[in-house]
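User: I'm new to this one. Could you walk me through it and tell me how the labels are earned?

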Amino acid sequence: MAATNTVTGEMVVITERVEFSSAGNCDITNITAELRRLATEHNLKAGTMTVFAPGATGAITTLEFEPGVVQDFKRLFDQIAPADQPYEHNVTLGDGNGHSHVRAGLLGPSLVVPIEDGVPLLGRWQEICFVCLDARPRERTVIVQFMGVK
Amino acid sequence: MAATNTVTGEMVVITERVEFSSAGNCDITNITAELRRLATEHNLKAGTMTVFAPGATGAITTLEFEPGVVQDFKRLFDQIAPADQPYEHNVTLGDGNGHSHVRAGLLGPSLVVPIEDGVPLLGRWQEICFVCLDARPRERTVIVQFMGVK
Amino acid sequence: MAATNTVTGEMVVITERVEFSSAGNCDITNITAELRRLATEHNLKAGTMTVFAPGATGAITTLEFEPGVVQDFKRLFDQIAPADQPYEHNVTLGDGNGHSHVRAGLLGPSLVVPIEDGVPLLGRWQEICFVCLDARPRERTVIVQFMGVK
């Protein structure tokens, strides 16, 4: 096992927003470069980066971000929660995105990544992705909160 | 991009329990009002609210909490992990909730929501939900931990 | 509702690595004993334990860790993202683990568990598990970060 790294001091909490457009229908936006840039800028000696998707039709996860996986992940949702089956949400409300809501609830809106010396401790091929599960294009904001010791 | 919000100071960690009854079979309890009340009471200038379901048949996520989505989310689990197929857990133990365990493991027990000025940074229609995946009614406790700077 | 527990003080962030071998194909490693040992050693009065799987084919969740549930969870993934259907990732790259990537993205790499008095607030039968979704055996590292007040 590697050595224990202990850091103590005043607490720092830095809250940022990352904004972008998403295309809907399981469009996946790779936000890793921007998050790495913010992590470098804020340079926590140790702490966490919380990535949170506000809204009921977006979600956060990590993926190897290459065109094959992006297509495969979209198809996974088409298989487990097809858009073309009946949803009660589509009866209650008129926006036709019942599948979007169950997909977003299943995937979940939050991710927490440990940081050391300003670097998110991701694996080599692991990229942080916003998944737009809505049925239409949207303007999106993701909350990124750094919490730790400088 | 919106302005960076940086807060520094002594660390505060506040641990609370929220208790309620759940009905089983993907019964969904909207605990958002109580969590918002606690967030207002503890009023972190910035930090996180960690919501955690102790136990192997409960999970936490966010949903647009309207009766249609609630029914659709229940059906999602009936489709991807049906109660009426054989489960090894039901052979090993006699409680007949094999489907509950795999559903809870898939959805996951933890959620982390950023807070600013005492307000959880949820989307407008995004509600924090405890999902009871057990096969019977249960008394439930959810841990809510606020961590940040006042 | 139980009493509010408030702790204040200097922030402590302790980062650890847990290393082990995993067998692939939804092999599940129960890392709870090691995490409890670390939690006892670092003995936060209150705070969180963030458990993070670096890499694009591993994930973290909690399960009742008994042989039945372990088999059932593996079968859940065989049902919702079968290994033997075509994946675009397998066309793009030659490693044949397209199913591994979508499974890992769905389950997610992070878990946050609240701690009080050095004890992770898990349910009685709830164990923290690393799920190896790759198609082959791997050497694995899980990041465990304790954050709170001593």
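**How the labels are earned**

Analyst: Sure, and keep in mind that this is a predicted model. Let's start in chain C, where three strands make an open sheet, ordered S3-S8-S5, with antiparallel pairing.

User: What makes S3 and S5 of chain C the edges?

Analyst: Strand S3 (27–30) and strand S5 (58–63) of chain C each have a single partner strand, so one side of each has no neighbour in the sheet. Ignoring direction, neighbouring strands here are turned by 30° against each other on average.

User: How do you know that S3(C) pairs with strand S8 of chain C?

Analyst: Pairing takes at least two bridges, and four bridges join S3(C) to S8 (residues 127–132) of chain C. The two run antiparallel, and Thr29(C) sits opposite Phe130(C) of S8(C).

User: Over in chain A, which residues of helix H1 are called buried?

Analyst: In H1 (residues 32–42) of chain A, they're Leu35(A), Leu38(A), Ala39(A) and His42(A). The label calls for 20 or more other C-beta atoms within 10 Å of a residue's own.

User: What puts them on the same side of H1(A)?

Analyst: Their arc around the axis is only 100°, which places them on the same side of H1(A). Their cover includes strands S2 (11–22) and S9 (138–149) of chain A. On the other side, Ala33(A), Arg37(A), Thr40(A) and Glu41(A) are exposed.

User: And why is the relation of chain C to chain A that of a three-fold axis?

Analyst: A rotation of 120° with 0.0 Å of shift along its axis superposes chain C on chain A, RMSD 0.0 Å. That is the three-fold relation.

Terms used:
Residues numbered from 1 in each chain as written. Chains lettered and ligands numbered in written order. Predicted model: local features only at pLDDT ≥ 70, side-chain atom pairs only at ≥ 80, totals over all residues. Least-squares fit on C-alpha atoms with pLDDT ≥ 70 in both. Buried ≥ 20, exposed ≤ 12 C-beta atoms within 10 Å, placed from the backbone. Arc of directions from axis to C-beta. Contact = placed C-beta atoms within 7 Å. Axes fitted to C-alpha atoms, helices over the stretch in contact; angles between N-to-C directions.
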